[in-house]
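Please open the model in your viewer and keep the sequence panel beside it, since each stop on this tour begins with something to select.

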Amino acid sequence: MIAGAGPASADQPDCSPAAEASASAASVKVWLAGDSTMSNPQSSCPVGWGSQFDPLFKEDVTVVNNAVAGRSIQTWLYESNVKSTKDSAGECVVSPRTFHQRWLNMLDPTNGMKAGDYLMIQFGINDGSRDCPRHVGSARYKELLAMMAKAAKDRGVTPIFLTPVSAIRCSGSSAVGTRGFLTETFDTGRASQVTVIDLHKLSYTLYNTLKLCPNNGDYTSGPVGAFFCNDHTHFEAAGARQIAGVVATALRDQRIPLSGHLK
């Protein structure tokens, strides 16, 4: 349920300054957890779509972007504790299994996620690495995604999963999908009763709408250069804004209550 102002009373009608302060205090935060395609920029490029998300909302929403470049779901959660070796199950050893401060801060009862907030989670790009510490296997990925969703729900926060945004790859004149962990994300969404936004499909559908295929592989000029950094994965600010817009449209199309706070 989205947080909002409390009901009016006889001595404090909705139009009073006190009611306005109450409404402000009850504003919604949208917490983001993900990788470089979502994170705030450290330079002019890359720019993650999460950094372009806040302007799409009314003033009662604040986007808190905790996405970090280069992280898998496991290194995002347990950074510095994920070893370069694998156990007998083929998973990277995590020792000690204590959370990184970024997640602890989000779990903090005073300053972290609160009832009425949203948590949007997008991983699956770096997780496919064969090598530790970024490597995450299928079962482990689902376990960690479900754990994050439960932590959110336990606090009255609504989790939303997003499949990983696609890089640009052409098959003839069509952009095609490039990422894994799609099945894992949908499976965990069903098992945990969490809404999934298929950003993977939505992103390469956008590339087709913009006719970014075919291209000559020059990411420094033309429509592809305006959308992507000098690679096939990361976004210029203009590209990031369009991906953020795609996510906002999905909120509306899927009738996710957060969409009621969009401009």
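Select Pro 133 first, which is found in the loop between strand 5 and helix 4, and look at the peptide bond that reaches it from Cys 132, which is cis, with omega near 15 degrees. As you look, keep in mind that this is a predicted model. A cis peptide bond also joins Cys 45 and Pro 46, where omega is about 15 degrees, and for this one you should go to the loop between strand 1 and strand 2, where Pro 46 is found.

Next, colour the strands of the open sheet, which has five strands in the order 2-1-5-6-9 and parallel pairing. Its edge strands, each of which pairs on one side only, are strand 2 (61-65) and strand 9 (195-197). If you look along the sheet, you can follow a twist that averages 25 degrees from one strand to the next. To study one pairing in detail, select strand 6 (residues 158-162) together with strand 9, two strands that run parallel and are joined by three bridges; here Leu 162 stands opposite Ile 197 in strand 9.

Now add helix 4, which lies across strand 1 (28-34), strand 5 (118-122) and strand 6, and which runs at about 155 degrees to strand 6.

Keep helix 4 (residues 138-154) selected and bring in helix 5 (residues 182-192), whose axis comes within 9 Å of that of helix 4 and crosses it at roughly 40 degrees. The two helices are therefore oblique to each other, and helix 4 passes helix 5 in a right-handed crossing. Showing side chains here brings up the residues that meet, among them Tyr 141, Lys 142 and Leu 145 in helix 4, and Glu 184, Asp 187 and Thr 188 in helix 5. The residues of this contact divide into three nonpolar, four polar and four charged.

Before leaving this region, select Phe 181, which is found in the loop between strand 8 (174-175) and helix 5. Its phi is near 65 degrees, a positive value in a residue other than glycine.

Move on to helix 6 (residues 199-209) and helix 8 (residues 237-253), which pack at an angle of about 125 degrees with their axes 10 Å apart. That angle makes helix 6 oblique to helix 8, and their crossing is right-handed. Which residues make the contact? On the side of helix 6 they are Leu 199, Leu 202, Ser 203, Leu 206 and Tyr 207, and on the side of helix 8 they are Gln 242, Ile 243, Val 246, Val 247 and Ala 250. By class, the contact of helix 6 with helix 8 has eight nonpolar, two polar and no charged residues.

For the next stop, select strand 3 (residues 82-86) and strand 4 (residues 92-94), which pair in the antiparallel sense over two bridges. Val 82 stands opposite Val 94 in strand 4, and the hairpin has five residues between the strands, with Gly 90 taking a positive phi near 85 degrees.

The tour ends with charged side chains, for the structure holds five salt bridges. One to select is that of Glu 79 with Arg 102, in which the closest N and O atoms are 2.6 Å apart. This pair links distant parts of the chain, 23 residues apart, with Glu 79 in the loop between helix 2 (73-78) and strand 3, and Arg 102 in helix 3 (residues 101-107).

Conventions: Residues numbered from 1 in each chain as written. Predicted model: local features only at pLDDT ≥ 70, side-chain atom pairs only at ≥ 80, totals over all residues. Heavy atoms only, no water. Pairing = 2+ DSSP bridges. Helix = DSSP H or I, 4+ residues; strand = E, 2+ residues; numbered from the N terminus. Axes fitted to C-alpha atoms, helices over the stretch in contact; angles between N-to-C directions. Parallel < 35°, antiparallel > 145°, perpendicular 65-115°, else oblique. Left-handed = near helix turned anticlockwise from the far one by under 90°. Contact = heavy atoms within 4.5 Å. Nonpolar A, V, L, I, M, F, W, Y, C, P; charged D, E, K, R; others polar. Salt bridge = Lys/Arg side-chain N within 4 Å of Asp/Glu carboxyl O.
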